[in-house]
Amino acid sequence: MADPMKIRATLQGDVVDVRVLMAHPMETGQRKDAAGKLVPLHFIQTITAQLNGKTVFSADISQAVSRNPVFAFKVKGAKAGDKLSVTWQDNMGEKRTDEVVIRAGS
Amino acid sequence: MHQTRRSFIKAGGAAALLAALGAALLKPGRALAAWNKGAFEAKSALDAMRALGVANAEDSKAIEIRAPEIAENGAVVPIDITSNIPGTTSISVFIEKNPFPYTGTFDFSQGSVPYVHLRVKIGESSPVRVVASAGGKHYTAVKEVKVTIGGCGG
């Protein structure tokens with residue numbers, strides 16, 4: 001099982017700033033390991049973010065996204081206390097979902 | 001040991017298929033957009049844009065791309081993209097000189113802001129092309145990023 005994501009969702013006015021850090025190797029399939037063997041492709045393909053169960057942001061990505069991917073995006077129509085969940089799935093079928101409660105900003 | 005590995009791989013494959021089906025059913029707007037293999041495996045940005053149906057994008061100054069002029073480390077290049085085109089529903093990114101230029105598409109729904117921050121690998125100095133789609137039309141902008149150490153060979 002993959003490590004949990006770090007998600008921060010902070011309300012700034014009427015917009016929620018979301019930052020997500022995912023733990024994933026994002027192997028390009030071009031890198032060689034210490035023994036000189038190619039490390040097979042292993043990368044996140046799809047990401048979905050839901051606000052109170054409704055999809056607000058989604059992405060299809062390639063192996064060109066850096067290792068331990070970081071994404072930030074902005075969601076409208078939410079209030080402090082609402083739930084935001086993020087799900088990713090990789091090319092090997094591995095999947096992870098994490099959820100946070102939106103915090104009021106300063 | 002091998003037995004477990006085999007069944008793990010099988011289970012993974014089945015789960016991926018189910019999830020793909022589920023995603024297609026749940027997202028009517030993107031029913032055809034289940035991870036566009038053809039676009040992701042295209043070797044040129046133009047071929048990838050054709051596979052996505054956005055090759056006719058017109059130049060626009062309303063797309064802001066913030067990325068370093070010179071990236072010291074090609075393995076982690078931060079990019080911020082904002083589309084100021086009203087009604088933008090998706091943003092796609094192409095790193096033209098990467099082996100597979102199409103890097104991803106970000107979709108915005110339920111009124112989320114057409115902004116995204118991501119970090120990418122750039123193999124050699126390359127134009128970073130962004131395509132924003134709004135109301136069935138496509139707009140594009142480019143920003144050059146110079147890389148001193150590539151990010152693909154690792």
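## Exercises on a two-chain sheet

A:V16 has its bridge partner in β5(A), namely A:V75. This is a predicted model, so to speak only of what it can carry, local features need pLDDT of at least 70 and side-chain atom pairs count only at pLDDT 80 or more, while totals for chains, interfaces and linings use all residues. Residues are numbered from 1 along each chain as its sequence is written, and chains are lettered from A and ligands numbered from 1 in the order in which they are written.

**Exercise 1.** Work out which secondary structure elements chain A and chain B contain.

*Solution.* Start with the terms: helices (H or I, at least four residues) and strands (E, at least two) are DSSP runs, numbered from the N terminus.
- Chain A has zero helices and eight strands.
- Chain B has three helices and nine strands, and along the sequence its pattern reads α-α-α-β-β-β-β-β-β-β-β-β.

**Exercise 2.** Follow β5(A) and find what it pairs with on either chain.

*Solution.* Strands pair here if DSSP finds at least two bridges between them.
- Within chain A, strand β2 (residues 15-21) runs antiparallel to strand β5 (residues 70-76), joined by seven bridges. Besides the pair we opened with, A:L21 sits opposite A:V70 in β5(A).
- Across to the other chain, β5(A) is joined to β7(B) by three bridges, again antiparallel. Here A:K74 is partnered with B:V113.
- Now look at the side chains of β5(A): A:F71, A:F73 and A:V75 point to one face and are buried (20 or more other C-beta atoms within 10 Å of the residue's own; exposed is 12 or fewer, partly exposed is in between, with C-beta atoms placed from the backbone). A:V70, A:A72, A:K74 and A:K76 point to the other face and are not buried.

**Exercise 3.** Put the strands of the seven-stranded sheet in order and say why its edges are edges.

*Solution.* The order is β8(A)-β1(A)-β2(A)-β5(A)-β7(B)-β4(B)-β2(B), an open sheet with mixed pairing. At the edges stand β8 (103-104) of chain A and β2 (63-66) of chain B; each has a single partner strand, so one side of each is left without a neighbour in the sheet.

**Exercise 4.** Describe the contact between the two chains from the side of chain B.

*Solution.* Two residues are in contact if their C-beta atoms, placed from the backbone, lie within 7 Å.
- The contact takes 37 residues from chain B and 33 residues from chain A.
- On chain B, α1 (2-26), β6 (102-108) and β7 (113-120) each supply at least two residues of that side.
- That side of chain B divides into 19 nonpolar residues (Ala, Val, Leu, Ile, Met, Phe, Trp, Tyr, Cys and Pro), four charged (Asp, Glu, Lys and Arg) and 14 polar (the others, Gly among them).
- There is strand pairing too: β6(B) and strand β4 (residues 54-61) of chain A are antiparallel over five bridges, with B:F106 as the bridge partner of A:A59.

**Exercise 5.** Place B:A134 in chain B: is it buried, exposed or partly exposed, and what does it touch?

*Solution.* B:A134 belongs to strand β8 (residues 126-134) of chain B. It counts as partly exposed because it has 17 C-beta neighbours inside 10 Å. Beyond its neighbours within four places in sequence, B:A134 contacts B:I85, B:P86, B:G87, B:T88 and B:T89. For B:G87, the C-alpha to C-alpha distance is 5.3 Å, though 47 residues separate the two in sequence.
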